[in-house]
Amino acid sequence: MNIFQVEVDGRPRDAELRFGTDRDAESLARWRFPKDVVGTEATLDALEYARLASKRWRYYRRAGATVASLAELRDKVQHNPKAEVAMIFVARPTWRSPTPLLGFAYFRRTWCHHLVVDFLSAHPRVIAERPERIRGVGTGILYQLVALSEEMKIRCIWGEATAHSAPFYERALNVEQILDHFFIEDEVMRYCRNHLRQRRK
Amino acid sequence: MKLKLKSRRLRSIEELWAVEDEFPAVCGPSPVSYAARYGLNLSKRYLEHLRRKANGNAKRPTPRRRKPASG
């Protein structure tokens, strides 16, 4: 379990990040947006991503290709260095919050020891800022993926980007231009890891 | 395409928090292409949203009623 900082109604708070379990994967399929909020493009996409991630998890689960902890991941890779495994990161509040799951990332470790991010999303309530204004969930999860890559000596994290998500990745990673895919490697990876080291001080 | 850093300056956590003020953290491939690629179904609500978007947010036409079977 890792801790990262978010801002809640103007005050810094700790969010905890850990590997998701079957229960977490099931709970993603039950995400809803606040009743008083009209579904925006972002909230509707977030709901759909959560459902698709939950479905994909089930497929991998049946094949015995999911892991729910760092120890399990290490074990799988040690047992089969070319294993493809699926994982979920879930971010939870450490304070009393009506939003028990702030966001998630569904990603995979590929046969050549890279990470592929399929989905990364904040909860629709976080996007709609109801009832709390929480900032930093997405960037927090993204940097925790970098932390995992450091822990596992993974040199590349990549994923697809859409017209909506490309600007988020550009700003979060401090890079010039992202089109329909991104690769966090080399100097961008080093930069992100330096960021993490700065936070740990 | 290799990504190029804008600058090497490490940003404050407040600067990182501010990213999501402009761009919500909703990242992934297009749900349609993802669902098609892996043979998954999209939810009814999402399909309805896509239909509305394709029709310029027009309301869904009321379904035509079938005539009752004669006889």
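This is a short tour of a predicted model, with stops to select in your viewer.

**Stop 1: a buried strand**

Start by selecting β4 of chain A, residues 103-109. Of its 7 residues, 6 are buried, so the strand is largely enclosed by the rest of the structure. Which strands pair with it? On one hand, add β3(A), residues 85-93, which runs antiparallel to β4(A) and is joined to it by 7 bridges. Show A:Phe89 and A:Ala105 to see one pair of bridge partners between these strands.

Now add β5(A), residues 115-122. β4(A) and β5(A) also pair in the antiparallel sense, over 7 bridges. Here you can pick out A:Tyr106, which stands opposite A:Phe119. While these side chains are on screen, a general point helps: in a regular strand, side chains alternate between the two faces of the sheet.

Follow the chain through the hairpin of β4(A) and β5(A), which has 5 residues between the strands. Pause at A:His113, where phi is positive, near 65°.

**Stop 2: from chain A across to chain B**

Keep β5(A) selected and add residues 26-27 of chain B, which are strand β1(B). These two strands pair in the antiparallel sense over 2 bridges. Zoom in on A:Leu120 and you will find B:Cys27 opposite.

**Stop 3: the whole contact**

Next, widen the view to everything that joins the chains. How many residues does each chain give to the contact? Chain A gives 49 and chain B gives 32. On the side of chain A, the elements that give two or more residues include β1 (2-8), β5 (115-122) and α6 (165-173). Select α2(A), residues 41-62, for the largest share of that side, 10 residues. Colour the side of chain A that touches chain B by residue type and you will have 23 nonpolar, 14 polar and 12 charged residues.

**Stop 4: two crossing helices**

Now select α5 (137-151) and α7 (186-200) of chain A, which also give residues to that side. Their axes lie 10 Å apart, and the helices pack at an angle of about 100°, which makes α5(A) roughly perpendicular to α7(A). Among the residues in contact are A:Tyr143 and A:Val146 from α5(A), and A:Met189 and A:Leu196 from α7(A). The residues of this contact divide into 6 nonpolar, 1 polar and 2 charged.

**Stop 5: chain B by itself**

Finally, hide chain A. Chain B has 3 helices and 1 strand, and from the N terminus its elements run α-β-α-α. Of its 71 residues, 23% count as buried.

Technical notes:
Residues numbered from 1 in each chain as written. Chains lettered and ligands numbered in written order. Predicted model: local features only at pLDDT ≥ 70, side-chain atom pairs only at ≥ 80, totals over all residues. Contact = placed C-beta atoms within 7 Å. Helix = DSSP H or I, 4+ residues; strand = E, 2+ residues; numbered from the N terminus. Nonpolar A, V, L, I, M, F, W, Y, C, P; charged D, E, K, R; others polar. Pairing = 2+ DSSP bridges. Axes fitted to C-alpha atoms, helices over the stretch in contact; angles between N-to-C directions. Parallel < 35°, antiparallel > 145°, perpendicular 65-115°, else oblique. Buried ≥ 20, exposed ≤ 12 C-beta atoms within 10 Å, placed from the backbone.
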